[in-house]
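This report concerns the packing of helices in one protein model. The sequence and structure are shown first.

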Amino acid sequence: MQDHMRRMLRAHPAPVELAGDEGALLEAIEACVDCALTCSACADACLAEPGVAELRACIRLNQDCADICDATGRILARLTAPDSPVVGGLLRACLAACQACGAECERHAAHHDHCRACAEACLRCEEACGRLLARLPGRA
């Protein structure tokens, strides 16, 4: 995905203004998309576990995080006239969702490899969004 998204960022007639850093923007988009897919897959795997009732909170947080990461990645990919305060709020929401989901998945990581993978994806997304947020104009 990174090669295509990098190509889109470079081909877009509007310059990368959001953070002034194509690399940080690309990293955040990729981490958001990866986290959204990983969280969706983790929720599905949790539903297939024999002790599904014990994973109810994990499933809910997986689904919430997947939706927030998906929206964040798609909005970050839109380069035309980004609104820094809106993007900043979305990045903060993504950070919060990744922190909550990652912490819950980490609780189950010893017994479920899918939760371990999800916790890792959440941490990567949290870090990438944090770096991009720190670079926003006026630290929106």
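## Helix H5

H5, one of the helices taken as DSSP runs of H or I with at least four residues and numbered from the N terminus, has 23 residues. From its first C-alpha to its last it reaches 34 Å, close to the 33 Å expected, where the expected span is 1.5 Å times one less than the number of residues.

The model is predicted: local features need pLDDT of at least 70, side-chain atom pairs count only at pLDDT 80 or more, and totals for chains, interfaces and linings use all residues. Residues are numbered from 1 along each chain as its sequence is written, and side-chain values use heavy atoms, with hydrogens and water left out.

## Buried face

Buried residues of H5 (under 20% relative accessible area, 1.4 Å probe, protein chains only) include Cys115, Cys118, Cys122, Cys125 and Leu132. The buried residues of H5 pack against H2 (22-48), H3 and H4 (84-108).

## Packing of H3 on H5

H3 (residues 56-76) and H5 (residues 113-135) pack at an angle of about 35°, with their axes 12 Å apart; axes are lines fitted to C-alpha atoms over the stretch in contact, and angles run from 0 to 180 degrees between N-to-C directions. Cys58, Asn62, Cys65, Cys69 and Leu76 of H3 meet Cys115, Cys118, Cys122, Cys125 and Leu132 of H5, contact meaning heavy atoms within 4.5 Å.

## Nonpolar core

The largest nonpolar core, a set of buried Ala, Val, Leu, Ile, Met, Phe, Trp, Tyr and Cys residues joined through side-chain atoms within 4.5 Å, has 42 residues. H2 gives the largest share of this core, 13 residues.

Notes. Helices (H or I, at least four residues) and strands (E, at least two) are DSSP runs, numbered from the N terminus. Buried means under 20% relative accessible area, exposed over 50%, partly exposed in between (1.4 Å probe, protein chains only).
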